[in-house]
Structures are given as structure tokens and as C-alpha cells.
Amino acid sequence: MYQLRKIDLRQSRLPNIHNRELRFLALVLATCCLIALQLGENLRLQGLAGSGWRTVDLPALQRRIDAGDLSDHEATWYHPATEQERRASGAGQQP
Amino acid sequence: MTTESHRSAGPTARRRILRLLGGLATLGLALPWLKRPAPEPLPPQVLSLREADFYRPHDLAG
Amino acid sequence: MTAVTCELCPRGCVIPEGGAGDCRIRVNLGGRLRATTYGRPSAVHIDPMEKKPLYHFLPGTPVFSIATAGCNLHCLNCQNWQLSQRGGEEMEEVYRLDPPELVRVAKDEGCRSIAYTYSDPIVFYEYVFDSAERAHAERLANCFITAAYINERPLRKLCRVIDAVNADLKAFDDGFYRRVNGATLKPVLDALVTMREEGVWLEVTNLVIPTLNDDPAMIRRLARWVHDELGAGTPLHFSRFQPQYRMRNLPPTPVETLDRARREAKDAGLEHVYVGNVLGHAGNSTYCPNDGTLLIGRVGFMITHYALTADGRCPSCNEPIPGVWRSADLFGDEP
């Protein structure tokens, strides 16, 4: 006759995980957290920039202006943004 | 099947998976240092009007 | 840190310090908005006037054509995307061409007009305005090639120094403008009416894209609007689409579609309807709306036949043909 092995659940133990395995797990989780933070920051920046203004490579732009290859000629048709306009667009938040 | 083979298969497989994940995580953390920095963009070529050929063919519309 | 609100176009970008408007080239530096491509075009060419396309404005003359980087639209099918969808600091080539030198070079090269074109000259407004004023002083005309997504006040001021406009009317559908061009329809229609009121010479272009804006009913509505709001004599150009940029999945416009569009527009009462980007098409040429006489024959950008009288009339029935046919019509005879 084939005998089934009886398993007593009251006596079962947790899987035998060593300390070094716990450290590896922690490392994996830390990496995932870093990646998630980076992705989240990128999404936040893109969300801001999509609301009517764009980020620009400011050092490159300033270098070009200083060299005379681009201009800092003052534009017409603009005004200092009101508090309401700033809040509505989220432009108060810096990149 | 013996109970011995049941007992030894579990922990070894777990350790292999954890080592694999750990290796990938280490690689992920090391990537920023392994990646080459983006090259500095070339300054714009400031063209001289004296040498410009205004009649040269181009594919800009309008 | 002072944010600024740009008033030039309906986007009304609120730009924090260190940021740029949606057009990429109007930048907030130290709380002041800067036109960073002023006097710094990246495209400078001499083109035939027919390329703009302007068919009823100084025909057959060379026009000094410039553009800087940047644009306030983001059309999926933009042919000039390498110029329009970039900021000034991203361009590989730039000319130093401040307004006085621009006018001097255009005149020295024998051009009778300057065209602000290729990207959208709305975004380099200050450069256009200052150059256009000086051009007039030298008896050079100013042509403005645009998608017309601009607010009324800056447009009315600009119309004082602009002589001719070719404006895109991309579709008679707001949804199309939002999905394909990143803009809206109503400000464009308002701008076209403003241009008519200000008396600039106006021609309208519609790029016909298969499956997106080639519906005959939409074209009929578009043509009727042009007829009713801008006048029966307003030239309307139906241009053939070619796959470009982010719209490479669609085929070029069939010639039959353009023929049908032209028929719809003529049925709506428009007198001068053209077909563009189709070499050798009869719709390239200008005919008298009264008796059908061939007035200006064109193949591509070349004029092969010219029969208008000196005062812009049909030689056989004396019908006045709307347009600006000579510089003297703008500036008076040479002193």
C-alpha cells in the first residue's frame, strides 16, 4: 500500500532564510526604490513642462548669449505673472 | 521519490534566485558610473553672410 | 523668482525664471522675457515668391526668406521640424543678421521683399517687426508665412508693417487642431478676419491629409467660411501632403482628392483656387474668373506665361484680378 506522508502544520517552520539572503533582498528593494524615485521625478518634471512652459539648457543658452550667437533682446507682449496665473499653471514650482 | 530530494531542492533554488536578483541590483546601481557622459554639444556654426549661397537648394517648406 | 506671462499667442505660457515658453525660444531670464533668436536666424535663402506660396503678390520675384528656431505649434507632419521643434541653443547653424543688415543684404541681393517663414515668425515677433519697419523704409515688402495662432493685439500692431500673409487653415475642425497641431481653431479664424480687416494681402493654404481632413463636407465648410469671411477673391491653395516627421504612416494625398477639393471650393464661390505640390497641374495657374483666360501660367514655381495688364486686369475682358502685382502698388512709383 502506498502510504501518504502526514504533514503536521502546527510543526511547520518558516523557510530557512540566511542573513546574507536578507541583505540581498534589502539591496534589491533599495535599488527598486531608487529607480522609482528617479522615474517619479522625471514624470513630475514632464508634467510641469507640459503645462505651458519648457525647461531649457540654461548653461548652454547663457554661453551662446555671452558669445553673441544668441540674443537676450527683451521681448514685447508679456507681463509679470499674477499669483492666480502662477497657481493655475504650476509655474511657481522650479524644475 | 525520496524525502531527501524534496528537502535539498528548496533552499538551493531560493539562494540562486536571490543571488541573481542581487547581481542585477548591483549592476543597476553601477550603471551610472559605467555609462559614458554625454558629449558636450558643439557650439553653433556661425555662418558668414559673405560666403553664404542664398540660392542653394533646400528642402524647407514655405 | 519672477514668473512672467507671455501675451503673444493664445497659449499664454506662464514661464518661471529660467524656463522657456512652449515655443522654446522666449526665455525668462532674471524675471524678463527674452527673445533669444532675435537677429539670429538659422535659415536664410532666396526663394521664388510662388514657393511661399503667394500667387497674387509680386509674382515671379525673388524673396529673401528667413527663419529662426522655434514654433508655437507642434504639427505631427511638420516638414521643417528640425528648425521649428528646437530651441536656439540646439541649432547647429546660426547667422548673425540683425535687422539693419538683413534689410541691406536683401536689397543688395536684388530682392524686392523679405519673407519671414519656414518655422512660424509669430515666435520671433520682435525680429520681424523691427526688420519689417526698416524694410519699408527701403521700399522692400514684407511677407509673413504663418499658422496664424496669435493674439489680436500683437497681430493688429504687426499688420501695420506686413504687406502679405500666407496663412495655414489646417482644417475646419477644432479636434484636428488639438490632435494634429497642438493648437485650437477659433484663434486662427479670428486672426484671419483681423488680417482682412487690417488690409494685408491674404492667401490661405490648406494641406489636405488623407483620412484626417480630406472629408468633402469639411472642405466645403472651410471654403464657404473663406468666401463669406475673407472674400471671394481670396486665393485658396490646396496643398498635397507628403509623409513627414511623426506622420509617416499615411500616404501622399491622391490627386483626385485635391481635384475634388478644388471643385468644392469653386462651387462655394471662390474665384482663385490652386493645387500645390503637384507638378504640372492645371491648378497651378491663374485664370480669369470671368472668361477663363489664362492669366499666369505656372509649372512648379516657374512662371511660363504672364498676360495681366500693367494695372492687374484680364487682357480680354478687363476684369480686375485681386492682388498686388507691382511694388509701385505698395510704395508708389520710384522717385
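A residue counts as buried if 20 or more other C-beta atoms lie within 10 Å of its own, and as exposed if 12 or fewer do. Keep that handy for the exercises below, which all work on a predicted model.

**Exercise 1. What percentage of the residues of chain C count as buried, and how does the radius of gyration of chain C fit the globule rule?**

Step 1: apply the burial cut-off to chain C. Of its 335 residues, 53% come out as buried.

Step 2: look at the overall dimensions. Along the principal axes, the C-alpha atoms of chain C fill a box of roughly 65 × 55 × 35 Å.

Step 3: bring in the globule rule. For 335 residues it gives 20 Å, and the radius of gyration of chain C is 20 Å, so chain C is as compact as a globular protein of that length.

Step 4: add the secondary structure and the contacts. Chain C holds 9 helices and 17 strands. Take its contacts with a separation of 6 or more: 67% of them are between residues 24 or more positions apart.

**Exercise 2. Work out which parts of chain C touch chain A, and where strands of the two chains join.**

Step 1: count the residues. Chain C puts 36 residues into the contact, and chain A puts in 29.

Step 2: assign them to elements. On the chain C side, at least two residues each come from β1 (4-6), β2 (14-15), β3 (20-21), β4 (26-29) and β5 (32-35). The top contributor is β5(C), with 4 residues.

Step 3: sort that side of chain C by class. You get 16 nonpolar, 10 polar and 10 charged residues.

Step 4: follow β5(C) across to chain A. It runs antiparallel to strand β2 (residues 73-74) of chain A, and 2 bridges join them. Within β5(C), C:Arg34 stands opposite A:Glu74.

**Exercise 3. Is B:Arg16 buried or exposed, and how far is B:Arg16 from B:Asp59?**

Step 1: place the residue. B:Arg16 sits in helix α1 (residues 3-34) of chain B, a chain with 1 helix and 1 strand.

Step 2: count the neighbours. B:Arg16 has 10 other C-beta atoms within 10 Å. The cut-off for exposed is 12 or fewer, so B:Arg16 is exposed.

Step 3: put that in the setting of the chain. Buried residues make up 6% of the 62 residues in chain B.

Step 4: take the distance, C-alpha to C-alpha. B:Arg16 and B:Asp59 are 58 Å apart in space and 43 residues apart in sequence.

Key. Residues are numbered from 1 along each chain as its sequence is written. Chains are lettered from A and ligands numbered from 1 in the order in which they are written. This is a predicted model: local features need pLDDT of at least 70, side-chain atom pairs count only at pLDDT 80 or more; totals for chains, interfaces and linings use all residues. The radius of gyration is taken over C-alpha atoms; the globule rule is 2.2 Å times the number of residues to the power 0.38. Two residues are in contact if their C-beta atoms, placed from the backbone, lie within 7 Å. Ala, Val, Leu, Ile, Met, Phe, Trp, Tyr, Cys and Pro count as nonpolar, Asp, Glu, Lys and Arg as charged, and the others, Gly among them, as polar. Two strands pair if DSSP finds at least two bridges between them.
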